[in-house]
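Welcome! Here is a short guided look at a protein you may be meeting for the first time. Take a moment with the sequence and the 3D view before reading on.

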Amino acid sequence: MDKDVSAGSGITTVAGRLALGITLLAFGLGHTAVIDGVSAADAMSIAQYVGGIALFVAGLVALRDGDAAGGTAFSVLGALWFTWAGSEGASGNGAGLFLLLFALVALSLTLAGGDQLGQGVYGLFFVSLVLLAIAAFAENDGLAQAGGWFAVAAGAVAWYAATAALAHWPTALPRRAAGRGVTATG
């Protein structure tokens, strides 16, 4: 699978991963405070339209095409992004609870299997959401920034996965041959 594209239903998966990548990058960068004057609230419109609507539609198309894993992931994440975008003004504990529940979805997607890049995206996103949930409960800006960086990393991996599928770049790490490894001497 060096240069092969393991992309579920093809273009639908690419579109879904691009939408997820862009949304995660905007969401994450908003939490990092690395760009002066840009906050997580600035990602609301991207989360609503790209992460919410476009991702949800990509999920429905993937389900129609028989891609249960991609369809489930994209439609559920689309619904959650749309809900997050509409939750402006939620209390700190309410936001924390939502992020924690959102993290459980990301954990389920990570554990569901799939290709390495997809699992990487969902795993990084899970860590991001857990950190952001704790930050919301504890009102801790440092944890929120750390969570933002994990979201940025997840967005970068999602973007790479989509671009790799389009450009025919490697999408899997090479594996060692069985029995060929470091041997202990002694």
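What percentage of the 186 residues in the protein is made up of buried residues? The share is 41%. Please keep in mind that this is a predicted model.

**The overall fold**

The secondary structure consists of six helices and zero strands. Read from the N terminus on, the elements follow the order α-α-α-α-α-α. If we take the contacts between residues at least 6 apart in sequence, 70% of them join residues at least 24 apart. On the outside, the protein has an accessible surface of about 9500 Å², and carbon and sulfur atoms account for 65% of that.

**A walk along helix 2**

Let us begin just ahead of this helix. Ala-41 sits in the loop that runs between helix 1 (11–32) and helix 2 (44–64). Its C-alpha atom is 7.8 Å from that of Glu-88, although the two positions lie 47 residues apart along the chain as a sequence separation.

Next comes helix 2 itself. With 21 residues at 1.5 Å a residue, helix 2 should span 30 Å, and the end C-alpha atoms are 28 Å apart, which agrees. The helix also has a bend of about 25 degrees, found at Leu-55.

Which residues of helix 2 are buried? They are Met-44, Ala-47, Gly-51, Gly-52, Leu-55, Ala-58, Gly-59 and Ala-62. Leu-55 therefore appears twice in our walk, as the site of the bend and as one of the buried residues. The partners against which the buried residues of helix 2 pack are helix 1 and helix 3 (68–85).

Helix 2 also contributes to the surface. A nonpolar patch of about 630 Å² is formed there by Tyr-49, Ile-53, Phe-56, Val-57, Leu-60, Leu-63 and Phe-82. Helix 2 gives the most to this patch, namely six residues. One of the patch members, Leu-60, belongs to helix 2 and is partly exposed, with a relative accessible area of 43%.

Just after the helix, Gly-66 adopts a positive phi of about 90 degrees.

**Two salt bridges**

How many salt bridges are counted in this model? The count comes to two. One of them joins Asp-115 and Arg-17, whose closest N and O atoms are 2.9 Å apart. Asp-115 is in the loop between helix 4 (92–111) and helix 5 (116–138), while Arg-17 is in helix 1, so this pair ties together parts that are 98 residues apart in sequence. Are these two residues buried or exposed? Both Asp-115 and Arg-17 are buried.

The other salt bridge is formed by the side chains of Asp-65 and Arg-64, with an N to O distance of 3.1 Å. Here Asp-65 is partly exposed, whereas Arg-64 is exposed.

**Accessible areas side by side**

The table gathers the relative accessible areas for some residues on our tour.

| Residue | Relative accessible area | Class |
|---|---|---|
| Ala-41 | 42% | partly exposed |
| Leu-60 | 43% | partly exposed |
| Asp-65 | 40% | partly exposed |
| Arg-64 | 64% | exposed |

Why does Arg-64 count as exposed? Its relative accessible area is 64%, and exposed means over 50%. Ala-41, at 42%, is partly exposed because that class lies between the buried limit of 20% and the exposed limit of 50%.

Conventions. Residues numbered from 1 in each chain as written. Predicted model: local features only at pLDDT ≥ 70, side-chain atom pairs only at ≥ 80, totals over all residues. Heavy atoms only, no water. Helix = DSSP H or I, 4+ residues; strand = E, 2+ residues; numbered from the N terminus. Buried < 20%, exposed > 50% of the residue type's maximum accessible area, 1.4 Å probe, protein only. Patch = residues over 30% accessible without salt bridge, like charges linked within 9 Å, V, L, I, M, F, W, Y side chains within 5 Å. Areas by Shrake-Rupley, 256 points an atom, 1.4 Å probe, with all protein chains shown as cover. Salt bridge = Lys/Arg side-chain N within 4 Å of Asp/Glu carboxyl O. Expected span 1.5 Å × (residues − 1). Bend = angle between axes of the 7 residues up to and from the residue. Contact = heavy atoms within 4.5 Å.
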